[in-house]
Amino acid sequence: MSAATAREPIVEARAIHKHFGHLHVLKGVDLKVAEKELVFLIGPSGSGKSTLLRCLNRLEDPSSGQVIVDGIDMLDAKTDINKARQRIGMVFQSFNLYPHMTALGNVMLALRKVQGLGRAEAEAKARAALARVHLADRADHYPLQLSGGQQQRVAIARAIALEPRVMLFDEPTSALDPELVGGVLAVMRELREDGMTMVVVSHEMGFAKAAADRVVFMADGLIVEEGLPAEIFSQPKHDRTRAFISQIERH
Amino acid sequence: MTGWERFTDSFFNARVMAQYLPKIIEGFGLTVVLALCIIVAGLVLGLLLALVRAFGIRPLNWLIIFTVDLFRALPPLVIIVLLFFGLPNAGLELSGFASAWLSLTLVLMAFSEEIFWAGITSVPRGQWEAARSTGLGFVQTLVYVVLPQALRITIPPLTNRTIAITKGTALASVVAVPDILGAANAGVSFSFNPSPLTLGAIAYLVLFLPVVVLGRWIETRFAWKR
């Protein structure tokens, strides 16, 4: 089996249900992620994988279930959600950089306003984070002056500057032109080599095969099967998985 | 007297203009003060209402929407007259200046609230989500992330609306305020010559053209850096 069972999970979602009105999007999902593990969530659109990801940092409130991240019960009313969210970085499909701030300003904002660091310390940390995504020389550029790939790397820097224990990636490369995908994946791979725990929703199968510890296939709000990338991609057990994989690989 | 001479004598009579220029200048000062008071109070109140509305407290939002719709629907002159002639019956006497100020402030508040609110809602949800995912609270996100973007979007419609409503200061002349139009009208009554009105029109141009230009400058100044 995968590394998940061997180590204490850092992310644990239990029996997550999510309803949007009369739509039942998640139908009792369990997910455990071990420290330093990279888990890939795949599945057809509408399978609930993004919703599951967003339940982990409570951008969506699960209708029922339990989410524990780094020992913190995310759904407990007594939990300071703003504090807890600093341990969980998130990267979005559409980057969501603040257009009125420079790259440096984007990274510094939470360091200053959430962690309460002084200007000099926040700036030093922000510059270090930008250096980690190879954009030290773009610190003073505004988002619209950057390519999509660069914007996404700034978004990664904005998240990792807070020194999260877990990083969530919600289709980080699907809004990018093909030639810009490589730079973002390279940064993600470096993060992984530095031991970052990551949960990634993506269709980058090549990256999954090369870097993922575990691939989780979801369909219709449920986990259909999970396993090592080689198992899922070469010998899927379920027809749904097989159909999905062959469809993806045709592209 | 030829037609042209009659025309210049009526609208550009130098003697009459010189005589009433001091009054018009006084009126100019009064219009500026009134306009500034309306702009400051109206925009501050409008922004406050929009911010309160962002919290999404249902009954409060219904009240805001009702108030805003009320003052957007009523003609400003009706509100001025109602306050000036109506309130004394309720034992509250407002001066002409105060009635004009309060009325136009409420109207600007109503329109600017709608504009600020539209600006706030036009900021993509992803901006909220990105900010909240880094641990920023609701108010912090509103102040540091959403509002700066919302304000930029609102500048063109806000400038237009502010100019339109501030020009309504001319309505104050109806309740005996000696603003530009009030002073000009008085001049016409005393001199039997419309030249003071020409002066008044020039005074309005001197006052509002720079505001229009300033609005355009602000728009370019705050455009996104590309």
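Between chain B and chain A, one salt bridge is counted, a salt bridge being a side-chain nitrogen of Lys or Arg within 4 Å of a carboxyl oxygen of Asp or Glu. The partners are Arg54(A) and Glu129(B), whose closest N and O atoms are 2.6 Å apart. The structure is a predicted model, in which local features need pLDDT of at least 70, side-chain atom pairs count only at pLDDT 80 or more, and totals for chains, interfaces and linings use all residues. Residues are numbered from 1 along each chain as its sequence is written, chains are lettered from A and ligands numbered from 1 in the order in which they are written, and side-chain values use heavy atoms, with hydrogens and water left out.

**The interface**

Six residue pairs are in polar contact across the interface of chain B and chain A, both residues of each pair being at pLDDT 80 or more. A polar contact is a pair of N or O atoms within 3.5 Å; within protein, one must be able to donate a hydrogen and the other to accept it, and residues adjacent in sequence count only if both atoms are side-chain atoms. On the side of chain B that touches chain A, α6 (125-133) and α7 (138-166) each supply at least two residues; helices here are DSSP runs of H or I with at least four residues, strands are runs of E with at least two, and both are numbered from the N terminus. The largest share, eight residues, comes from α6(B). By class, this side of chain B has seven nonpolar, eight polar and six charged residues.

In total, 21 residues of chain B and 24 residues of chain A take part in the contact, defined as heavy atoms within 4.5 Å. The two chains bury about 2,000 Å² between them, 60% of it on carbon and sulfur atoms; buried area is the accessible area (1.4 Å probe) lost on putting two parts together, summed over both.

**Annotated spans of chain B**

An unreviewed UniProt entry assigns "domain: ABC transmembrane type-1" to residues 28-215 of chain B, and such annotations may be inferred rather than shown by experiment. UniProt also places "transmembrane region" at residues 27-51, 63-85, 97-118 and 197-218 of this chain (unreviewed entry).

| Span of chain B | Helix | Strand | End C-alpha distance |
|---|---|---|---|
| Residues 28-215 | 81% | 0% | 21 Å |
| Residues 27-51 | 100% | 0% | 36 Å |
| Residues 197-218 | 100% | 0% | 31 Å |

**Salt bridges over all chains**

The structure holds 22 salt bridges over all chains. One joins Glu37(A) and Arg214(A) at 2.9 Å, N to O. Glu37(A) lies in the loop between β2 (23-34) and β3 (38-42) of chain A and Arg214(A) in strand β9 (residues 214-219), so the pair ties together parts that are 177 residues apart in sequence.

**Confidence**

The model scores ipTM 0.92 and pTM 0.86. Chain A has a mean pLDDT of 93, with 97% of its residues at 70 or more; pLDDT is the predictor's confidence in each residue, from 0 to 100. Over residues 1-5 of chain A the pLDDT is below 50. Chain B averages 91. Among the elements of chain B, α6(B) has the highest mean pLDDT (97) and helix α9 (residues 195-221) the lowest (87).

Note on methods
Ala, Val, Leu, Ile, Met, Phe, Trp, Tyr, Cys and Pro count as nonpolar, Asp, Glu, Lys and Arg as charged, and the others, Gly among them, as polar.
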